[in-house]
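Please open the structure in your viewer and keep a selection panel at hand, as the stops below are meant to be taken in order.

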Amino acid sequence: MKMWDGRFSKALNSRVNDFNSSISFDCRMYREDITGSIAHATMLGRCGIIEQSEAELICKTLKEILSDIENNRLEFDFEAEDIHMFIESVLTERIGDTGKRLHTSRSRNDQVALDIRMYLKREIAEIKALIIRLEEVLCDIASKHTESVMPGYTHLQRAQPVTLGHYLMAYAQMFARDIVRLNEIYAHTNILPLGSCALAGTTYPIDRHFVAEQLGFDTVTENSMDGVSDRDFAIELASALSIIMMHLSRFSEEIILWCSGEFAFVELDDAYSTGSSIMPQKKNPDIPELVRGKTGRVYGDLTTLLTLMKGIPLAYNKDMQEDKEAIFDAIDNTKICLELFASMLQTANFKTDKMRAASAYGFINATDCADYLVKKGMPFRSAYKIIGRLVAYCIDNNKSLDTLTIEEYKQFSDVFESDVYEAIDLINCVNERRCYGGPAPESVLRQISNLREFLKNA
């Protein structure tokens, strides 16, 4: 029997019942549903809307139901319409009509809005913890490689020398911004909608701020219609998760390239790699490839939520039931990707000798050679043109800038002296870039220190 059967003369078609039901996916919010109901019942008793003894019995029984679920003494009834009706029906079975008083001055509309906010608050905290762990892994690896020279790239062409530590800290900055975004979304989520009822509030003398305090919300929603129909916070979270996955996907692309024989900059641990069904020599980077693939899935979840909400008039509509599967899917996939990616990086073997060898090709010290001339008094554009001609000469003669003789240098400018070799030494090229945010070891160590300090208060 449905809670709303009194209005209808026919039983619900069984296929419609299945189509309408959401308990198969919203059952994961059982803890939030029960916790929210306990706070609501406590408020009802405190405000004299129901007897204090009834409120206490409801709260006691709800706690017992929670314990029974978590200890596998109570299984979900997937014939129930949703988790809210399941909990309420179990409560009523156990304490009779007193259980029916729980829903006084409450609708499923504001109840589900409460549950999803509480659930997402918990998930945001867990996602932040996973990002912080990844950040700590990045800081640990970077701190060991502040002097491990490697090529930096633009257009996937070798461009200028950096270090592995500097490279990794670039991704660390992306994930730091993700943490800031999650903190902002948490604040937007941490607003109590309960008390909005179906859409127009209630005539009962409820105390919404008391419930907010009991449940750890910062404040309450200002408008009852908005309170039940707002899903901006879920869309914002899906957007933030999409950006997190985009960052992971970019990083994954790097790892996939670096694992190839053409780069050979990294070897993943056997525990985080797979082989081929036919080629015995293969060691495949499946984790970053799957992260890259799952990014599209999370993008799809964001698109689902945006499309879902774009045509809905005020206030609550049944369409909004579809918000949960999308945001749950985005959360689940982002969490597993963050967890495995951090472990994969932590156990990876970075081939710094290969990175250093790759730095010897591609004229990545050409800018430093131009800067050498500028420091001798030459305008940069003039120096740029001379070094361009030098590089062309090297290509034609199968040489590099550091293998040219001083006589060859002087064919292009008398400004060149023997100290040019010191200026274009790759280690010096990196070490001289001490500007704030640059790749010099002391700069990278400062980046690591600043990030660790940020993480303490994240």
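Begin by selecting histidine 209, which is exposed, with a relative accessible area of 52%. In this predicted model, histidine 209 belongs to helix α9, residues 208-215. Add threonine 219 to the selection: the two residues are 10 apart along the chain, and their C-alpha atoms are separated by 6.8 Å.

Next, turn to the nonpolar interior. Which residues touch the most other members of the largest nonpolar core? Among its 74 residues, they are Leu248, Trp258 and Leu345. To display the elements that give two or more residues to this core, select α7 (108-144), α8 (164-189), α11 (232-259), α12 (286-309), α13 (323-346), α14 (352-359) and α20 (441-456). Of these, α7 gives the most, with 14 residues. In soluble globular proteins, nonpolar side chains tend to be buried together.

Now centre the view on tryptophan 258 and show its surroundings; leaving aside residues up to four places away in sequence, it touches Met150, Leu164, Tyr167, Phe263, Ala264, Phe265, Val266, Phe350 and Met355. A second core, separate from the one just visited, has 37 residues, including Ile23, Ala55, Cys59 and Ala80.

One of the neighbours of tryptophan 258, alanine 264, deserves its own selection. Alanine 264 sits in the loop between α11 and β5 (266-267), and its phi is positive, about 55 degrees, although it is not a glycine. With a relative accessibility of 21%, alanine 264 counts as partly exposed. For comparison, select histidine 155, found in the loop between β1 (149-154) and β2; this residue, also not a glycine, has a positive phi of about 55 degrees. Is histidine 155 buried or exposed? Its relative accessibility is 75%, so histidine 155 counts as exposed.

A further backbone feature is found at leucine 314 and alanine 315, which are joined by a cis peptide bond with omega at about 5 degrees. Alanine 315 lies in the loop between α12 and α13. As background to these stops, most residues other than glycine have a negative phi, and most peptide bonds are trans.

The next selection is the pair α7 and α20, whose axes come within 10 Å and cross at roughly 160 degrees. The two helices are therefore roughly antiparallel to each other, and their crossing is left-handed. On the α7 side, the contact is made by Ile132, Glu135, Glu136, Cys139, Asp140, Ala142 and Ser143, and on the α20 side by Ile448, Leu451, Arg452 and Leu455. Coloured by residue class, this contact divides into 6 nonpolar, 1 polar and 4 charged residues.

Finally, move to α15 (residues 366-375), in which Ala366, Asp368, Cys369, Ala370, Tyr372 and Leu373 are buried. What covers these buried residues includes β2 (157-163), α16 (380-396), α17 (406-410), α18 (420-424) and α19 (426-431). With α16, α15 packs at an angle of about 135 degrees, the axes being 9 Å apart, and the two helices are therefore oblique to each other. The crossing of α15 and α16 is right-handed. To see the contact, show Ala366, Cys369, Ala370, Asp371, Leu373 and Val374 in α15 together with Phe380, Ala383, Tyr384, Ile386, Ile387 and Val391 in α16. The residues of this contact divide into 11 nonpolar, no polar and 1 charged. The tour ends at glycine 377, which follows α15 and has a positive phi near 115 degrees.

Note on methods: Residues numbered from 1 in each chain as written. Predicted model: local features only at pLDDT ≥ 70, side-chain atom pairs only at ≥ 80, totals over all residues. Heavy atoms only, no water. Core = buried A, V, L, I, M, F, W, Y, C linked by side-chain atoms within 4.5 Å. Buried < 20%, exposed > 50% of the residue type's maximum accessible area, 1.4 Å probe, protein only. Helix = DSSP H or I, 4+ residues; strand = E, 2+ residues; numbered from the N terminus. Contact = heavy atoms within 4.5 Å. Axes fitted to C-alpha atoms, helices over the stretch in contact; angles between N-to-C directions. Parallel < 35°, antiparallel > 145°, perpendicular 65-115°, else oblique. Left-handed = near helix turned anticlockwise from the far one by under 90°. Nonpolar A, V, L, I, M, F, W, Y, C, P; charged D, E, K, R; others polar.
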